[in-house]
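Subject: Structure for your review

Dear colleague,

Please find below the structure I am handing over to you. My notes on what was found in it follow directly after.

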Amino acid sequence: MNEFVVPEEYEGERVDSFLAAINDDLSRSFIQKLIKDEKVIVNGKSVKPSYKVCTEDAVGIDIPDSIIPDILPENIPLDVLYEDNDVILVNKSKGMVVHPAAGHYSGTLVNALMYRCGDSLSGINGVIRPGIVHRIDKNTSGLLIVAKNDLAHIGLASQIKDHSFTRAYEAVVYGN
């Protein structure tokens with residue numbers, strides 16, 4: 001378990017925000033999952049993500065080891081617009097789920113990426129979402145940047161968090 005003492009400048013911050021701020025390699029949503037799984041303690045006790053930290057609080061976080069996912073690679077054609085050693089830019093089609101979830105354990109973008117990229121996907125967001133930095137809904141088409149290593153994932157997540165990464169959306173509406 002990693003332990004941190006809360007410095008004065010974080011007084012009153014939510015515990016999930018505090019941990020995300022001092023751990024550039026962990027997303028806030030991943031930290032919230034760890035809190036829900038009681039892998040985060042403050043002063044020896046489990047807390048909720050909304051817990052406000054106090055100066056000198058002892059915050060412990062138990063980050064589980066990466067597990068090889070039970071997700072099977074699938075040879076699903078991908079519309080790849082760009083790829084290098086760090087990232088792959090994919091045009092996700094409407095109807096494709098980004099990562100496995102209840103009712104969608106195959107045919108996902110992650111299944112296709114695991115087939116195409118093998119072991120070269122970031123593990124930061126856990127076994128269900130290797131390489132996934134951001135997502136779009138099943139019925140939305142659009143571009144996704146997928147991290148092929150943890151360093152790229154950290155950099156992309158940081159840009160999204162700092163809003164220095166611009167995303168634009170367009171919609172076509174017919175009828176009412």
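Cys117 counts as buried because its relative accessibility is 10%, under the 20% cut-off that defines burial. Cys54, by contrast, has a relative accessible area of 33% and is therefore partly exposed, as that value falls between the 20% and 50% limits. The count of disulfides comes to 0. Please bear in mind throughout that this is a predicted model.

As to the overall architecture, the chain has 4 helices and 7 strands. Read along the sequence, these elements follow the pattern β-α-α-β-β-β-β-β-α-β-α. The C-alpha atoms fill a box of roughly 50 × 40 × 30 Å, taken along the principal axes. Of the 176 residues in the chain, 35% are buried. If one takes the contacts between residues at least 6 apart in sequence, 61% of them join residues at least 24 apart.

The interior comes next. In soluble globular proteins, nonpolar side chains tend to be buried together. In this model, the largest nonpolar core has 17 residues, and those with the most contacts inside it are Val15, Phe18, Leu19, Val40 and Val59. Two or more residues of this core are given by each of helix H1 (15-22), helix H2 (28-36), strand S2 (40-42) and strand S4 (58-61). A second, separate core consists of 15 residues, including Ile71, Val98, Leu113 and Ile132.

Val40 may serve as a point of entry to the largest core. Leaving aside residues up to four places away in sequence, Val40 touches Val15, Leu19, Leu34, Ile35, Lys45, Ser46, Val47, Val59, Gly60 and Ile61. Val15, Leu19 and Val59, which are among these contacts, are also listed with Val40 among the residues with the most contacts inside the core.

Two further positions may be of interest when you inspect the model. Thr108 is found in the loop between strand S6 (87-92) and helix H3 (109-117). Is this residue, Thr108, buried or exposed? Its relative accessible area is 0%, so Thr108 is buried. With the same exclusion of sequence neighbours up to four places away, Thr108 touches Ile76, Met96, Val97, Val98, His99 and Pro100. One of these contacts, Val98, belongs to the second core.

Glu3 lies in strand S1 (residues 2-5). At 61% relative accessibility, Glu3 counts as exposed, because the limit for that class is over 50%. Beyond residues up to four places away in sequence, Glu3 touches Val59 and Gly60; Val40 also touches both Val59 and Gly60. The C-alpha atoms of Glu3 and Glu83, which are 80 residues apart along the chain, are separated by 37 Å.

Finally, I draw your attention to the second largest pocket. About 520 Å³ of space lies in this pocket. Its lining comprises 21 residues, and those nearest the centre are Ser27, Arg28, Ala157, Ile160 and Lys161. H1, H2 and helix H4 (150-161) each supply at least two residues of the lining, with H4 providing the largest share, 5 residues. By character, the lining residues of this pocket divide into 6 nonpolar, 8 polar and 7 charged. H1 and H2 thus appear both in the lining of this pocket and in the largest nonpolar core.

With kind regards

How values were computed. Residues numbered from 1 in each chain as written. Predicted model: local features only at pLDDT ≥ 70, side-chain atom pairs only at ≥ 80, totals over all residues. Heavy atoms only, no water. Core = buried A, V, L, I, M, F, W, Y, C linked by side-chain atoms within 4.5 Å. Buried < 20%, exposed > 50% of the residue type's maximum accessible area, 1.4 Å probe, protein only. Contact = heavy atoms within 4.5 Å. Disulfide = S-S within 2.5 Å. 1 Å grid on protein atoms, 1.4 Å probe; cavity = no way out; pocket = protein on both sides within 12 Å on 5 of 7 lines; lining within 4 Å. Points joined across faces, edges and corners; volume = space filled by probe spheres on them. Nonpolar A, V, L, I, M, F, W, Y, C, P; charged D, E, K, R; others polar.
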